[in-house]
Amino acid sequence: KHFLVVFLLMVRAAALTPGRVTIAAVILGAWIQYSEAYIQQLPSEARKPFILLTFTCAAFLFFVAPIPQDRSYHNFADRRGFCCRCGTFGFTKDQGRLVVPNFMDVASNSVILAGGVFGIIVLMTRDNLELAGDEWQLSVCCPILFLATVTITFGSMYYHWRPCNETLVWDRLPMTVAFMAVFSFLLDDRIATKSNAKLGPLILYPFIFIGILS
């Protein structure tokens, strides 16, 4: 409850833009609904770090203005395209219709695609394999991770094909989902709740939602 008071004061101190008010309402509603029962399930030694982490993340959202992306981030070292048309095949600086721009950056995403597809295949055949992990980790968390990994491929290809701030979001958005799935998996695997309930199902979807908002 002390955290809730500090949170409300912090929101009031920040600039009340529509976006921040919306985020504040969502976080406040989620906190009121889930926090008390959720924190009671955590082991006593994990409660203070959890509250501190939540406070730090909330403070960052409300006190730190959006960080603009430096335009020089999009200046790749290798900007060669790859031409594949009748009579011409190979790298070129031409920017015609049949040229794949920033070819090596675009094509290298095939490795990410292979990793995501391989992970999905392994999960689909897990009955014949001895995989470490419980049912929730293998049937919910890992599929989200590998599906997000496959999605990263296409988002990253789109961004590297036409690098700018507007396309960069589609590169980073699926990454956020994948990172949150990994983070939830690790916490679920390493932290036991007081009632021995699964921690992962409690945090996975809120973490993904917060990650997308970020």
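The exercises below work through a predicted model of a single chain.

**Exercise 1. The overall layout**

Task: State how many helices and strands the chain has, and in what order the elements run.

Solution:
- Count the elements: the chain has 8 helices and 3 strands.
- Now read from the N terminus: the order is α-α-α-β-β-β-α-α-α-α-α.
- Turn to burial: 33% of the 214 residues count as buried.
- Then take contacts between residues at least 6 apart in sequence: 59% of these join residues at least 24 apart.
- Finish with the surface: the accessible area is about 13800 Å², and carbon and sulfur atoms hold 68% of that.

**Exercise 2. A stacked pair**

Task: Classify the ring pair of Phe183 and Phe207, and say which elements it ties together.

Solution:
- Begin with the total: the chain has 3 aromatic pairs.
- Take the geometry of Phe183 and Phe207: the centres are 5.5 Å apart and the planes make an angle of 15°.
- Apply the cut-off: planes under 30 degrees apart count as stacked, so Phe183 and Phe207 are a stacked pair.
- Place the residues: Phe183 lies in helix α7 and Phe207 in helix α8 (residues 200–213), so the pair ties together parts 24 residues apart in sequence.
- Check exposure: Phe183 is partly exposed at 35% relative accessibility, whereas Phe207 is buried at 18%.
- Look at the other rings: Tyr73, Phe76 and Tyr159 are linked into a cluster by ring pairs.

**Exercise 3. The cysteines**

Task: Decide whether Cys142 is in a disulfide or in none, using the nearest cysteine sulfur.

Solution:
- Recall the bond: a disulfide joins the sulfur atoms of two cysteines covalently.
- Set the cut-off: the two sulfur atoms must lie within 2.5 Å.
- Count for the chain: there are 0 disulfides.
- Test Cys142: its nearest cysteine sulfur belongs to Cys141 and is 5.7 Å away, so Cys142 is in no disulfide.
- Add burial: Cys142 has 12% relative accessibility and counts as buried. Cys164 is also buried, with a relative accessible area of 12%.

**Exercise 4. A nonpolar surface patch**

Task: Name the residues of the nonpolar patch, and place Val169 in its element.

Solution:
- List the members: Tyr158, Val169 and Trp170 form the patch.
- Give the area: together these residues have about 320 Å² of accessible surface.
- Locate Val169: this residue sits in helix α7 (residues 165–190).
- Check that Val169 qualifies: a patch residue needs over 30% relative accessible area. Val169 has 43% and is partly exposed, so the requirement is met.

**Exercise 5. An unusual backbone angle**

Task: Say what is notable about phi of Asn102, and whether the residue is buried or exposed.

Solution:
- Read the angle: phi of Asn102 is near 45°, a positive value in a residue other than glycine.
- Find the place: Asn102 is in the loop between β3 (99–100) and α4 (103–107).
- Use the cut-off: buried means under 20% relative accessible area. Asn102 has 4%, so this residue is buried.

**Exercise 6. A glycine in a helix**

Task: Place Gly115, and give the separation of its C-alpha atom from that of Thr149.

Solution:
- Locate the glycine: Gly115 lies in helix α5 (residues 109–124).
- Check exposure: Gly115 has a relative accessible area of 35% and is partly exposed.
- Compare sequence and space: Gly115 and Thr149 are 34 residues apart along the chain, and their C-alpha atoms are separated by 7.6 Å.

Notes
Residues numbered from 1 in each chain as written. Predicted model: local features only at pLDDT ≥ 70, side-chain atom pairs only at ≥ 80, totals over all residues. Heavy atoms only, no water. Helix = DSSP H or I, 4+ residues; strand = E, 2+ residues; numbered from the N terminus. Buried < 20%, exposed > 50% of the residue type's maximum accessible area, 1.4 Å probe, protein only. Contact = heavy atoms within 4.5 Å. Areas by Shrake-Rupley, 256 points an atom, 1.4 Å probe, with all protein chains shown as cover. Patch = residues over 30% accessible without salt bridge, like charges linked within 9 Å, V, L, I, M, F, W, Y side chains within 5 Å. Salt bridge = Lys/Arg side-chain N within 4 Å of Asp/Glu carboxyl O. Phe/Tyr/Trp six-rings, centres within 6.5 Å; stacked < 30°, edge-to-face > 60°.
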